[in-house]
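Got your viewer open? Here is a short tour, one selection at a time.

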Amino acid sequence: GTTLQDLAGEVVVVNFWATWCAPCRKEMPTLAALQAELGDEGVRVATIATGRNDPVEVDRFLSEVRAANLPQWRDPRQQLAREMGVLGLPVTVILNREGQEVARLTGDADWSSDSALA
């Protein structure tokens with residue numbers, strides 16, 4: 001599988017989510033739009049389904065909210081979430097090109113807004 005280390009050199013927007021998380025349903029389409037808009041500029045949205053998420057449900061969820069362009073990565077044992085100190089969902093962590101955390105947001109955000117793009 002891909003690891004976050006493989007994405008070094010890109011700005012990575014890491015979003016921890018789950019199929020049962022209501023705010024995630026609202027946030028996902030805006031993350032998909034962010035990936036579409038900034039993908040060519042070296043920004044990568046890494047969506048990670050955390051905890052018990054059935055792969056079929058993950059697929060269905062992303063299709064339903066029109067976010068099928070986002071990766072279906074899973075963290076079933078919440079190992080990565082723990083390493084990154086993620087407690088609730090959704091949590092978004094932004095890593096710079098060196099792989100260092102530069103920002104963190106707990107709760108859902110509208111990633112289409114100008115402030116989020118900045």
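Let's start with a term you'll need at nearly every stop: a residue is buried when its relative accessible area is under 20%, exposed when over 50%, and partly exposed in between, using a 1.4 Å probe and protein chains only. Two notes before you click. This is a predicted model, where local features need pLDDT of at least 70, side-chain atom pairs count only at pLDDT 80 or more, and totals for chains, interfaces and linings use all residues. Residues are numbered from 1 along each chain as its sequence is written, and side-chain values use heavy atoms, with hydrogens and water left out.

**Stop 1: the whole chain**

Show the chain as a cartoon. You'll find four helices and five strands. Helices here are DSSP runs of H or I with at least four residues, strands are runs of E with at least two, and both are numbered from the N terminus. Trace the chain from the N terminus and the elements go β-α-β-α-β-α-β-β-α.

How big a box do the C-alpha atoms fill? Along the principal axes, roughly 30 × 30 × 25 Å. The radius of gyration is 13 Å, which agrees with the value near 13 Å that a compact globule of 118 residues would have. That radius is taken over C-alpha atoms, and the globule rule is 2.2 Å times the number of residues to the power 0.38.

Now switch on the surface. The chain exposes about 6,600 Å², with carbon and sulfur atoms supplying 48% of that; the area comes from the Shrake-Rupley method with a 1.4 Å probe. Of the 118 residues, 42% are buried.

One more overall number: take contacts (heavy atoms within 4.5 Å) between residues at least 6 apart in sequence, and 70% of them join residues at least 24 apart.

**Stop 2: helix 2**

Select 55–64, which is helix 2. Which of its residues are buried? They are Val58, Phe61 and Leu62. Look down the helix axis: these buried residues fall within an arc of 90°, so they line one face of the helix. The arc is that of the directions from the helix axis to the C-beta atoms. Here's a handy rule: an α-helix has 3.6 residues a turn, so residues three or four places apart point the same way. Next, add what covers those buried residues of helix 2, including strand 1 (11–17), helix 1 (22–38), strand 2 (43–50) and strand 3.

**Stop 3: into the strands**

Select Val12, in strand 1. Val12 is buried, with a relative accessible area of 2%. Leaving out neighbours within four places in sequence, Val12 is in contact with Leu4, Leu7, Arg44, Ala46, Val93, Ile94 and Leu95.

Hop to Ile48 in strand 2. Buried or exposed? At 3% relative accessibility, Ile48 counts as buried. Draw a line between the C-alpha atoms of Ile48 and Val14: they are 7.3 Å apart in space, though 34 residues apart in sequence. Beyond four places in sequence, the contacts of Ile48 include Val14, Trp17, Trp73 and Leu80.

**Stop 4: the loop after helix 2**

Two residues to pick here, both in the loop between helix 2 and strand 3 (73–75): Arg66 and Asn69. Arg66 is exposed, at 74% relative accessibility, while Asn69 is partly exposed, at 41%. Asn69 touches Ala32, Gln35 and Ala36, not counting residues up to four places away in sequence.

**Stop 5: unusual backbone**

Most residues other than glycine have a negative phi, and most peptide bonds are trans. Keep that in mind for the last picks.

Go back to Arg66: its phi is positive, about 60°, although it is not a glycine. Gln78 also has a positive phi of about 60° without being a glycine. Find Gln78 in the loop between strand 3 and helix 3, where it counts as partly exposed at 37% relative accessibility.

Finally, select Leu89 and Pro90. The peptide bond from Leu89 to Pro90 is cis, with omega near -10°. Pro90 sits in the loop between helix 3 (79–83) and strand 4 (91–95), and Pro90 is buried, with a relative accessible area of 1%. What does Pro90 touch, not counting residues up to four places away in sequence? Among them are Asn15, Phe16, Cys21, Pro23, Cys24 and Leu105. Show those as sticks, and that's the tour.
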